[in-house]
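Please read the following note alongside the sequence and the coordinates. It takes up the ligand site first and then a few local features.

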Amino acid sequence: MYAQMVKSEAADDSAEAKAFQARIDAGEKIEPKDWMPAGYRKTLIRQMGQHAHSEIVGQLPEGNWITRAPTLERKAILLAKVQDEAGHGLYLYCAAETLGVSRDELTEMLLDGRMKYSSIFNYPTLTWADMGAVGWLVDGAAIMNQVPLQRTSFGPYSRAMIRICKEESFHQRQGYDIMMKMAAGTEAQKKMAQDALNRLWFPSLMMFGPSDKDSVHSTQSMAWKIKMNTNDELRQKFVDQTVPQAEYLGLTVPDKDLKWNDEKGGYDFTEPDWDEFFDVLKGNGPCNTERLAARNKAWDDGKWVRDGLLAHAEKRSIRKVAAQ
Ligand code: 3HC
């Protein structure tokens, strides 16, 4: 089904497409059964599918620390957060399915590399302070990107975002709370928190996507209100909000050219290393192989459950027909 859609995306200047764009411009919500250009459907499936994959793969770096949490309370908080991420993936797969693609198709495209997940999850989580930095920076960046998506034009995506954003705030707060405890702790703990910030700062900036000049989808996605801001706009907002938080912790953002620019009303900062970014996207990040292997193993290990559920559903439908 998805493959047919991909083929049919010709440039569309038909009367329907013009009427569709007028609906978007008027701020109307597009629902699954409404007419939509093939390209709108295709890029929504791409963005929502990759968003959902990011939620699911994003559980792996944190899952690594559930059994290693320093206290029962921290274990319970981290467990709740990781469970939330599974739910976020579920909402987004369900929303994507309304566009005519199945969850199995989306999963296959993740597992065989045709679809991506957020590059940040290809970096390792080496210490407990990383759990703080992931919540503070990664969920902080996710919130920055997802809050505007609550106003996106596609109804099911917008409604999923409203629910997800409510839970994301807890994710960011619990991470920042870990960083506060460590930054105010022993010298070793503060050093661990600084090390986590050093390693995750630039990969977190990459979460907003390549710089606007290299963004292939932004122009059309913004015209269709699938995207509400450009990548650089949200990255700038994230830096402006996060630097004071680092200062409050007494930690140093690992960017020697970071400087407040009065004229701009924001920080000047060093761009991420885009060669590294595109290299990670090509599969050469520190954890790409491990992450995809974990997802492939989960898919294979779960085959007996899927087969059992399908066999049960088949039996019930045969019984239903026989009873009519
Ligand atoms: N990681 C992996 N791929 C990325 C990326 C990243 N950080 N940033 C961009 N890309 C990819 C794009 O997917 C696109 O490739 P594709 O054509 O194969 O899909 C290419 O790089 C060019 O980027 P564009 O800017 O042209 O692409 P988009 O317009 O799609 O912008 C985006 C990228 C800003 C990530 C946008 O897709 C978006 O807003 N997505 C929704 C939010 C999302 O997916 N967030 C991921 C994190 S969710 C998360 O962290 C969960 C939290 O609970 C921890």
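The points below go through the ligand site, two helices, a loop residue and a surface patch.

1. Basis of the note. The model is a predicted one, in which local features need pLDDT of at least 70 and side-chain atom pairs count only at pLDDT 80 or more, while totals for chains, interfaces and linings use all residues. Residues are numbered from 1 along each chain as its sequence is written, and side-chain values use heavy atoms, with hydrogens and water left out.

2. Surroundings of the ligand. The ligand is surrounded by 30 residues, the closest of which are E85, K116, S215, H217 and K227; a residue is counted here if one of its heavy atoms lies within 4 Å of the molecule.

3. Polar contacts and cover. Three side chains each place a polar atom by an oxygen atom of the ligand: E85 at 2.8 Å, Q50 at 3.0 Å and E55 at 3.1 Å, where a polar contact is a pair of N or O atoms within 3.5 Å. On its own the ligand has 990 Å² of accessible area, and the protein covers 90% of this; accessible areas come from the Shrake-Rupley method with a 1.4 Å probe, and for residues only the protein chains shown count as cover.

4. The two sides of α2. Helix α2 spans residues 15-25 and has A17, F20 and I24 as buried residues (buried means under 20% relative accessible area, exposed over 50%, and partly exposed in between; helices are DSSP runs of H or I with at least four residues, numbered from the N terminus). These buried residues are on the same side of α2 because they cover an arc of only 60° around the axis, the arc being that of the directions from the helix axis to the C-beta atoms. The face turned away from that buried side carries the exposed residues A15, K18 and D25.

5. K225 and N231. In the loop between α10 (218-223) and α11 (231-249), K225 has a positive phi of about 55° although it is not a glycine; with a relative accessible area of 25%, K225 is partly exposed. N231, by contrast, belongs to helix α11 and is buried, at 5% relative accessible area. The C-alpha atoms of N231 and D212 are 6.0 Å apart in space, although the two residues are 19 apart in sequence.

6. L309 at the surface. Located in helix α14 (residues 303-323), L309 counts as exposed because its relative accessibility is 59%.

Technical notes
Buried means under 20% relative accessible area, exposed over 50%, partly exposed in between (1.4 Å probe, protein chains only). A polar contact is a pair of N or O atoms within 3.5 Å; within protein, one must be able to donate a hydrogen and the other to accept it, and residues adjacent in sequence count only if both atoms are side-chain atoms.
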